[in-house]
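Reader: Hi! I am new to reading protein models, and I would like to look closely at a single part. Could you walk me through one strand and what surrounds it?

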4 protein chains.
Amino acid sequence: MQETARDGQSVYLRAYEDFYHHTLKVTERNEPGLGHISWRASSKEALERRVKELEKSGAGKGWIDGDLGHGAAYQFVTPVPVRRLDHVNLMSSDVTRNKNFMMDELGFRLREHVVRNDGSEIGSWLSVSPLVHELAFMGDASTSEQGLGKLHHVAFWYGFPQHLHDLSEVLTENGIQIEAGPLKHGVSQAMCMYVIEPGGNRVELFGDSGYLIFDPDWKPVTWTEEQVERAIIFYGEPLPDTYFKYGTPNVQAPVVNK
Amino acid sequence: MQETARDGQSVYLRAYEDFYHHTLKVTERNEPGLGHISWRASSKEALERRVKELEKSGAGKGWIDGDLGHGAAYQFVTPVPVRRLDHVNLMSSDVTRNKNFMMDELGFRLREHVVRNDGSEIGSWLSVSPLVHELAFMGDASTSEQGLGKLHHVAFWYGFPQHLHDLSEVLTENGIQIEAGPLKHGVSQAMCMYVIEPGGNRVELFGDSGYLIFDPDWKPVTWTEEQVERAIIFYGEPLPDTYFKYGTPNVQAPVVNK
Amino acid sequence: MQETARDGQSVYLRAYEDFYHHTLKVTERNEPGLGHISWRASSKEALERRVKELEKSGAGKGWIDGDLGHGAAYQFVTPVPVRRLDHVNLMSSDVTRNKNFMMDELGFRLREHVVRNDGSEIGSWLSVSPLVHELAFMGDASTSEQGLGKLHHVAFWYGFPQHLHDLSEVLTENGIQIEAGPLKHGVSQAMCMYVIEPGGNRVELFGDSGYLIFDPDWKPVTWTEEQVERAIIFYGEPLPDTYFKYGTPNVQAPVVNK
Amino acid sequence: MQETARDGQSVYLRAYEDFYHHTLKVTERNEPGLGHISWRASSKEALERRVKELEKSGAGKGWIDGDLGHGAAYQFVTPVPVRRLDHVNLMSSDVTRNKNFMMDELGFRLREHVVRNDGSEIGSWLSVSPLVHELAFMGDASTSEQGLGKLHHVAFWYGFPQHLHDLSEVLTENGIQIEAGPLKHGVSQAMCMYVIEPGGNRVELFGDSGYLIFDPDWKPVTWTEEQVERAIIFYGEPLPDTYFKYGTPNVQAPVVNK
């Protein structure tokens, strides 16, 4: 990707209930986007089981020695590669293919999804823990191009609903635009808000953890096409049009496979 | 007005920090609207001083013996009469004339207002206590007719911001539409939300008291025409178009002076 | 008082919804305590009416030219003088005498009080505005000496209940002792907490405004001797013994009248 | 146990984010206490693996056919049997033995504990999920008897901190005693409060989820004997003496092994 040529300084960030070296690495760049997402395996053996799956799938890229904050890692691409964008909610022209990949290769479980009347998926929320999602895929309404992946948003858990109001006040006093919220999601039942950070990426802040899933037999919650608004906004004002169309990098050209 | 012919049963409501017999009387009727607003004088002498002013102004209608929950009262009409509608935020085609009347006749003080570049007022917020407003007038964007008064909303103080979220959840679970919010006002700096009650009137719920004014020399806060959005919504999503146009009764015929 | 000899630098503080030059002046000193409390009159005429009352009462000390942030002022002492201590809740061996003075001379109104079975008062809460109290007097359980006045606490309005929790977390992380709370008062129905600031004075933080009084005929709420705990703590843990005995300056010698 | 002879009607309760038939079964009885605690296995195979472990340990009692809301189940006793008492925080004279049993036999992981200077444990918090604890053991300060197990409390997750205040207000208005809180725990960092329900059992309400543990290499947080107060109360008033001594059934006789 020849990132080094254009990359600048990096800063490593960690929230106060994060326990690793860092959870977000921000690198100076000429445009917003996603470098990579990392998942930690629960043991060396678990990592090796996953690598075996990934190699079979053809999506594996191989081992790296590690980086600041983590050891040896195995790199792979999702079927619709997210090119330079990052984090936990990704826009894709093929939600189902990505969802299946993460379930089959990495053991994610489907928690909730929105399904069109023709059976295709508008969005899928997946997790390996009691959280409703560590990873979501949403359809990209800005294009019908195949193979174009974008970052929709990175989300941080940010305390209680009151804190979203406190932050809204600070942002407003400082002239920083809030894209949406504070509002409550239908999917996950969490309170949240969205802000576009100065570099152009969307950041979501969670005002609670949403509900938690402890049931090993959990059946995914299915929302219909008609319920998509309520799935995203349980209450709160209508989302701006940008919500379904804007991701980073904000390009609409087809992805050239590497 | 021959209200009796069409009026049904009344219920008398009081919030839990209200100390009078009732603060809201709801009467069954074939359409939503406002019957009358009452103001209590701080003493018999204060009442008589106000009656003298009102008689001079030509707006006085005369004494009534009282009603359930209050004693003898003096009735009057505001210059642009609110016909059948009620409560504390009123829509009017002439904000300034109403504002001046309440200041000159009843001793209200101007706390905040939004002023167009041509000097006319879009909205005025008035009080006789440290609250930013007990009474507001807003221009009616649905008509340029003179003499048409409407109820914009009745507002209740409803606890803390979290309670607005709790209520939003209950309303949403029960399929009752929230018109706007929870959001924060610029004017008054209060957290609020708007709901249209089943009868059709708009009700506002306040999630805090807003700021309080103890300064006897208070200078009104003036917002410009360009700042009107921020005056109404300090943060939160854009207001729906209905907010500036819908009042009750929802008629657009000119008012016939009585 | 020869304060100047021992006084150090002053800082002037103002909360974000205070509109004057300052609301708290903190002066470096060798012990905690109260310098003076100021009340602003609503007009020049109101000030002169009050001065006339104070001169009649014998408590007046005379005019000063003003100070940073205010103009000409008339100084007076309360009957049990607060010597060097300050602010809005004062400990006194004679609650009733102080209460009567503020009501008779300055027009305060009694909002709530706790009365012993023998008719004497344990505490009185007074205001001139819809707030339940701008000034309170509480009996000093540490002494039966006459003439000893102390500062019990200065209170700031500090947002919503959640903010008291946020602050509690910050204080705890930094090893600063919280004396009591977050808890809810019976008197005023406000959420609050108490902290001893590093200089030794007690500071109260209010997590809401409590209820507001708009009734010109307000009858004071009377709590009995048996209800004193509930009057102070509507819910929350029992107050530490210090609460009823500690004030600043923390002396127990009798006051020498000036 | 001959429970049937003395048992009355049962009611089955479920909180609104619980998805099973019930999470709490309350049976009428002549004294408060705990009937049994159930754990669901994640699969039939997982259940069989656990049964094999339990049979080896000698703690197994055998299979039952099931009950209203669940199918076939395998019963076992913890080493210091909880006789008639129940739920998720248990008082025991031997914290370490119980902790080890749950870790060795059921795969719980130690998340936090308080350790005396002599190495013995005052309390242990255990979980199999990202929650800090689904099960805790605390030493019983009321007795040095061996073999006496009691229910300390059942805890429910109850929304946000504001809701603990709302509930406190309702309880206070209705004269129901709050044992402690709202306060914040050191262990788990959760906001909580304790109430003794009318039957005599202690119920805890959680105002947030506390922090969550996603790290497969989690090292238990160890608090020293001197930190025990802070471990239980990160901020808030001192716990009443009852907290460390009262459990149900409130007996101090030695347990007769069955």
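Which residue does Val115(C) stand opposite in β13(C)?

Author: Happy to help! A word on the source before we start: this is a predicted model, in which local features need pLDDT of at least 70, side-chain atom pairs count only at pLDDT 80 or more, and totals for chains, interfaces and linings use all residues. Residues are numbered from 1 along each chain as its sequence is written, while chains are lettered from A and ligands numbered from 1 in the order in which they are written.

Now to your question: Val115(C) stands opposite Thr224(C) in β13(C). Strands here are DSSP runs of E with at least two residues, helices are runs of H or I with at least four residues, and both are numbered from the N terminus. Strand β13 of chain C covers residues 221-224, and β6(C) runs parallel to β13(C), joined by 4 bridges. Two strands count as paired if DSSP finds at least two bridges between them.

Strand β6 of chain C, residues 109-115, also has another partner to explore. With strand β7 (residues 121-127) of chain C, β6(C) pairs in the antiparallel sense over 6 bridges. Within this pairing, His113(C) has Ser124(C) of β7(C) as its bridge partner. Together β6(C) and β7(C) form a hairpin, with 5 residues between them. In that turn sits Gly119(C), whose phi is positive, about 95°.

How enclosed is β6(C)? Of its 7 residues, 6 are buried, so the strand is largely enclosed by the rest of the structure. A residue is called buried if 20 or more other C-beta atoms lie within 10 Å of its own, exposed if 12 or fewer do, and partly exposed in between, with C-beta atoms placed from the backbone.

Let us step out to where chain C meets chain D. The contact takes 14 residues from chain C and 14 residues from chain D; two residues are in contact if their C-beta atoms, placed from the backbone, lie within 7 Å. On the side of chain C that touches chain D, α4 (161-173) and β10 (178-184) of chain C each supply at least two residues. The most comes from α4(C), with 6 residues. By class, that side of chain C has 6 nonpolar, 5 polar and 3 charged residues. Here nonpolar covers Ala, Val, Leu, Ile, Met, Phe, Trp, Tyr, Cys and Pro, charged covers Asp, Glu, Lys and Arg, and polar covers the others, Gly among them.
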